[in-house]
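Subject: Structure for your review

Dear colleague,

Please find below the structure that I am handing over to you. A short account of what was found in it follows.

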Amino acid sequence: MLRELEEHGVDAYPGSAPPRVPTLIIHFRDDTGAPFAGAQTLAQRIPHAETLFLDHGGHLGLGHHPEVETTLHRFLHEVVTSR
């Protein structure tokens, strides 16, 4: 998605650097509403971003996939306890 924005002259981080906060990017490769390439680009642009890329789940699979739930709980626990 960032690449598509940049191809149209849109700066995804206007006047600033990418976020420097814990970031978890979850994306399903079969999501027809958001291209997988956008999630990959986003992950490359955010330092230390953690990713969970799954083959099936579509655009609305986020709340219905056990691996998403497990990963999200672990990620949030790590963020909260590291402060």
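Read from the N terminus, the elements of the protein follow the order α-β-α-β-α. That amounts to three helices and two strands. Please note that this is a predicted model.

Some overall values may be useful to begin with. The protein has 83 residues, of which 28% count as buried. Its exposed surface comes to about 5900 Å², and 58% of this is supplied by carbon and sulfur atoms. When contacts between residues at least 6 apart in sequence are considered, 69% of them join residues at least 24 apart.

I would draw your attention to one residue in particular, Asp-31. Asp-31 sits in the loop that connects β1 (24-28) with α2 (36-45). Although Asp-31 is buried, it has no salt bridge. The nearest side chain of opposite charge belongs to Arg-29, and it is 12 Å away.

What, then, does the side chain of Asp-31 reach? One partner is the backbone nitrogen of Ala-34, at 3.2 Å. In addition, a polar atom of the Asp-31 side chain lies 2.7 Å from the backbone nitrogen of Gly-33. Both of these backbone nitrogens, that of Gly-33 and that of Ala-34, belong to residues that follow Asp-31 in the sequence.

Leaving aside residues up to four places away in sequence, Asp-31 also touches Gly-58 and His-59.

With kind regards

Technical notes: Residues numbered from 1 in each chain as written. Predicted model: local features only at pLDDT ≥ 70, side-chain atom pairs only at ≥ 80, totals over all residues. Heavy atoms only, no water. Helix = DSSP H or I, 4+ residues; strand = E, 2+ residues; numbered from the N terminus. Buried < 20%, exposed > 50% of the residue type's maximum accessible area, 1.4 Å probe, protein only. Lys, Arg positive; Asp, Glu negative; His and termini not counted. Salt bridge = Lys/Arg side-chain N within 4 Å of Asp/Glu carboxyl O. Polar contact = N/O pair within 3.5 Å; in protein donor to acceptor, adjacent residues only side chain to side chain. Contact = heavy atoms within 4.5 Å. Areas by Shrake-Rupley, 256 points an atom, 1.4 Å probe, with all protein chains shown as cover.
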